[in-house]
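Work through the exercises below with the model open beside you. Try each task before reading its solution.

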Amino acid sequence: MNLPIRLGSFLAAALFCWGIQTWAMGSLPFNLQRLIALAGLYVVLAVSLNLINGITGQFSIGHAAFYQVGAYLAGYFSIHNFNPQGMPPWLWLILMMILGALGASLAGLVVGLPSLRLRGDYLAIVTLGFGEIIRIFVQNTKELGGSYALDKIPKIQSLWLIWGLAIVCIAVCRNLLKTAHGLSFLAVREDEVASSAMGVNVTKVKVMAFVLGSGFAGAAGALLAHWETSITPQTFSMDVSFIILTMVVLGGTGSITGSVLAALVLFYLPEYLRNVSAISGSTLVAVTLSVITAVAVMKRLVDHYHRPMKQRVIAYLATIVGSAILGVVLNIAFRGVESLAKASFTGDKLRLVIFATTLIILMLLRPQGIFAHHEFSWDWVRRLFRRPAPTPGATS
Amino acid sequence: MSAPGSDRPVVLQLTDATIKFGGLTAVNQVSFELFQGDLFGLIGPNGAGKTTCFNLITGVYRPTSGKIAYQGNSIGGLPPNKICKLGIARTFQNIRLFGALSAIENVMVGGHLRDPSSLLSALSYFPRAIHETARLREQARELLRIVNLEDVAEVRSRDLPYGKQRRLEIARAMATGCNLILLDEPAAGMNPFEKEDLVKVVRRIRDEYQKTVLLIEHDMKFVMNLCERIVVLDHGEEIAQGPPEAIRNNPKVIEAYLGEAV
Amino acid sequence: MWAGLDWGQLPQQLIFGLGIGAIYALIALGYTMVYGVLRLINFAHGEVFMLGAYTALFTSWWFGFRPEDLLKTPQQGTILILLIMILASMVFCALIGVIIERFAYRPMRNQPRIASLITAIGVSLLLQYGGALILPNSPPPAISSKVSPFADQITLQIRPPDAALAQAAEEKKKEFEVANTAFEKQLASEKSRFDLSPAGKELRDARLEAERENKKAQDAALASGYKLIVPSGQLIMLLTTVILMTMLYFLVMKTKTGRAMRAVSHDFDSAGLMGINVNSIVTITFVIGSALAGAGAMMNATFVGTPLTTFYGVQLGVKAFVAAVLGGIGNIPGAVLGGILMGVAETLVVWAGYSQYKDAIAFLILILVLLVRPGGLLGSAKVEKV
């Protein structure tokens, strides 16, 4: 990579951060600002877990724990030491990010060490257990707010830092994969015995992956603490870990692009559904039935219908249209059933049901994740535009 | 060929190397030595302990007793990556490539051992790391050329045919910059033409690149044709050692192979 | 710190821990068996457990143990009702387990394991939140304790009181009775209870004195003996678990199906090549594992009596999974051992006064054990063949 491109990407990143800061903080309502901030943090979490899970192949399912360590460490320190006159808040926030990252890295080191002996599912349960232990420890420590909240954290909200961290995190992972060092991480994922026979220091690679990945999560935690000013152990429950893991797998294990997009979509989906107006029981049943039909047919098509792309796309579209029609018809039919029509379900209640269903359906239809192992590249975009009739999926 | 004890320096020396798994003695007091530039064969019937011997040398297992020395320094019990760094590389009997990586990336992993750039410089994409990566890629391409795999450099190694996978493993081992290379049944599953090709590749590795080669093989013709000295193991014990002609006529070896045409 | 502990409570706490441990063991078996054949962490198993508890609740309602029904027609449960409840839970859970396997896990079988894991998480979330749409959960309903025909607790006299002390207590009791009747007699002739004559006052003081003496003697006699108060629910849980596990042992070790299961667990692909119908074995595994969870759920909901929500299975499920890993996942005796250990460890932590760390101890033990034995207590870490 030559100097102009390097400078250009720095400039683009800076411009992006500046843009998002001035645009969002200037004109958007508070809750939207918060969504943009949290989305950035989830990007960091997903990409950093992807480093541990997808790239190095260490099955960690307790990522929220590192997020929590960073948040509580930075939050607690900030409550007691922040002095508004001392230095500009953003500088303080950067220092807190570093503190959170260091603390979480240390935790990552502690968790990474057993991973030298444990494999696969055993490691997974240890990371999960580590998360639970951290949560219970916080819940029982009065100074950290116990089960209530650690509040009165100085309010330092900085979108550009959050998205800056996201960009740094993405850049670091991408750089790793672009150089020979990244290959040794991938090699550990593929075959530990062979990589060690080829001179790869498997221990070092695994521990580095944990330290780096958890460090980013810790920095994200520090930012969260100063954005929200009040954090509770529930913010970092097991469900959060699962959601981060889901982002990684759904995007395509090992693909940074996939992690970023899945983080944005999966974060936004439940937030969007929160505000969807209530639907009646009859609609719910009708939609459920038509979705089941669509998935069943789609699954058959994916597994057995090996025709040219064009025909397949037509078949998929036909399935979607067909099941949509079925849904509409059923909806009208079920309206006659009084008990169903009277029942009402709000978006807030339905959102996690829809979330879970989306998860299952995507895994059934595309188990390798949306992006599989592919990455976004300009080549790929160019190819997409050069060909007269590009079809989705032709890149694989 | 020159008799043992020639003027070339000793590369690898096993002295009474022994390993026990529970009650089973897989390798029992095996001793042999390799000189720089040797083309050395390790043969024996199934279950004789050949691969275990390899695992001892490369540090996968720690010897129960006995000594393994590389260039005069004891390496018994060192971790595999350290042993590799000292200059011993290997291939595997049941191919163990990095399936999701392309052929050239597999070779680059081998070369990464000699990559002087730090992880930090890689993470920040410093010119040094970029430069090293480019150099490794070039070196890997060169090695792929030696084993005739240039044309499939960008193919995922999982998708390569069996024979090519075996050759790719050799290239990957070569990339570590080793001095001694251990080949575990490199010709297994190859057809006669591929085997002939492989003989050339192995000779070239020795003659052109001055590596010492230790190989396990089942195909007697292949071994007798290629190797200059041979050790025969049976039930974990060394039963014969010497040049191919001597091995061919050794009654103990013939007995071990139970009448198999040697 | 040991001085502060109530050692007399210890045996009772141990029994309590065994009861909880039995439930953990029942759930852990489901995790371990499924892992054994499919190498899949069935995250939805905790939700199967939750559905089992709800099935037991609905069955008890059907028999008229809904709180409002009980107000109208009070009644006491019978053993038959308990049996029907446990059977209903087991059957329903088995059904749910099979459905989940058929429609969520089987299509994923040839996919990367992490994809099936995400599917399992998805199913788990779907059952939690989807269940919350339909099942009654606010306020959380609980199974009425009336459904159990047994007394709440059983008192076991382990060691009878010291004979001499018991004799003395008996005498003091008689003395007290004598003083008491004397006073009562006097009381009848008194004008008012609150304005006693001097003679009455004297008798009253004598009675008080005798009462005090009696109590002291009784306490001394009691303390010299040893009594165990066991909640009957814990005993039933323990007994039922032992019965179910014996059945499981025979099924796995002595029948053809069991042999096939062990073969599949050992090597999935080879078992299929040897003519075993792998799919039906997987189904049977889910049937058994889920039914055991159902039994555990019914007993836990009935005898421990925690109110039900659709998140009922989360905490217990995770802990049972930890128990399975602790014992060595894929290993059936290991799951039982892990479950029992976990239950006992938890109650001991509560007994020692650290109840707030009750949930952490499971993971702490797990991490310590795995550091020493990476394959769990009874599992063996497989050495990879190079």
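## Exercise 1: an open sheet in chain B

Strand E4 (residues 65–70) of chain B and E5(B) run antiparallel, joined by two bridges. Strands and helices here are DSSP runs numbered from the N terminus, with at least two residues for a strand (E) and at least four for a helix (H or I). Two strands pair if DSSP finds at least two bridges between them. This is a predicted model: local features need pLDDT of at least 70, side-chain atom pairs count only at pLDDT 80 or more, and totals for chains, interfaces and linings use all residues. Residues are numbered from 1 along each chain as its sequence is written, while chains are lettered from A and ligands numbered from 1 in the order in which they are written.

**Task.** Find which residue stands opposite B:Asn73, then give the strand order of the open sheet and its edge strands.

**Solution.**
1. Start at E5(B). B:Tyr70 stands opposite B:Asn73.
2. Extend to the sheet. Four strands of chain B lie in the order E2-E1-E4-E5, with antiparallel pairing.
3. Read off the edges. Strand E2 (24–35) and strand E5 (73–74) of chain B each pair on one side only.

## Exercise 2: strand E8 of chain B

**Task.** Name the strands that pair with E8(B), and decide whether its faces are covered or open.

**Solution.**
1. Take the first partner. Strand E3 (residues 39–43) of chain B runs parallel to E8(B), with four bridges between them. Here B:Leu42 stands opposite B:Ile216.
2. Take the second partner. Strand E7 (residues 180–184) of chain B is also parallel to E8(B), over five bridges. On this side B:Asp184 stands opposite B:Ile216.
3. Trace the connection. E7(B), helix H7 (residues 192–207) of chain B and E8(B) form a right-handed β-α-β unit. Right-handed means that, with the strands pointing away from the viewer, the path from the first strand over the helix to the second runs clockwise.
4. Check burial. A residue is buried if 20 or more other C-beta atoms, placed from the backbone, lie within 10 Å of its own; 12 or fewer make it exposed, and anything in between partly exposed.
5. Sort by face. In a regular strand the side chains alternate between the two faces of the sheet. B:Thr212, B:Leu214 and B:Ile216 are buried on one side of E8(B), and B:Val213 and B:Leu215 on the other.
6. Conclude. Five of the five residues of E8(B) (residues 212–216) are buried, so the strand is largely enclosed by the rest of the structure.

## Exercise 3: helix H10 of chain A

**Task.** What span should the 14 residues of H10(A) have at 1.5 Å a residue, and what packs against its buried residues?

**Solution.**
1. Compute the span. The rule is 1.5 Å times one less than the number of residues. For H10(A) (residues 238–251) that gives 20 Å, and the end C-alpha atoms are 20 Å apart, which agrees.
2. Count the buried residues. They number 11 of the 14, so H10(A) is largely enclosed by the rest of the structure. Among them are A:Phe242, A:Ile243, A:Met247 and A:Gly251.
3. List the neighbours. In chain A they are helix H2 (30–55), helix H3 (63–81), helix H5 (120–139), helix H11 (256–274) and helix H15 (347–365); chain C adds helix H5 (113–134).
4. Look past the end. A:Gly252 follows H10(A) and has a positive phi, near 115°.

## Exercise 4: chains A and C

**Task.** Set the radius of gyration of chain A and of chain C against the globule rule, then describe where chain C touches chain A.

**Solution.**
1. State the rule. The radius is taken over C-alpha atoms, and the rule is 2.2 Å times the number of residues to the power 0.38.
2. Take chain A. It has 16 helices and two strands. Its radius of gyration is 23 Å, close to the 21 Å that the rule gives for 396 residues, so chain A is as compact as a globular protein of that length. The C-alpha trace of chain A spans about 65 × 55 × 45 Å along its principal axes.
3. Take chain C. It has 14 helices and two strands. Its radius is 28 Å, but a compact globule of 386 residues would have one near 21 Å. The C-alpha trace of chain C spans about 100 × 50 × 40 Å along its principal axes.
4. Go to the interface. Contact means C-beta atoms, placed from the backbone, within 7 Å. By that test 34 residues of chain C are in contact with 30 residues of chain A. H5(C) gives the largest share of the chain C side, 12 residues.

Definitions and conventions: Contact = placed C-beta atoms within 7 Å.
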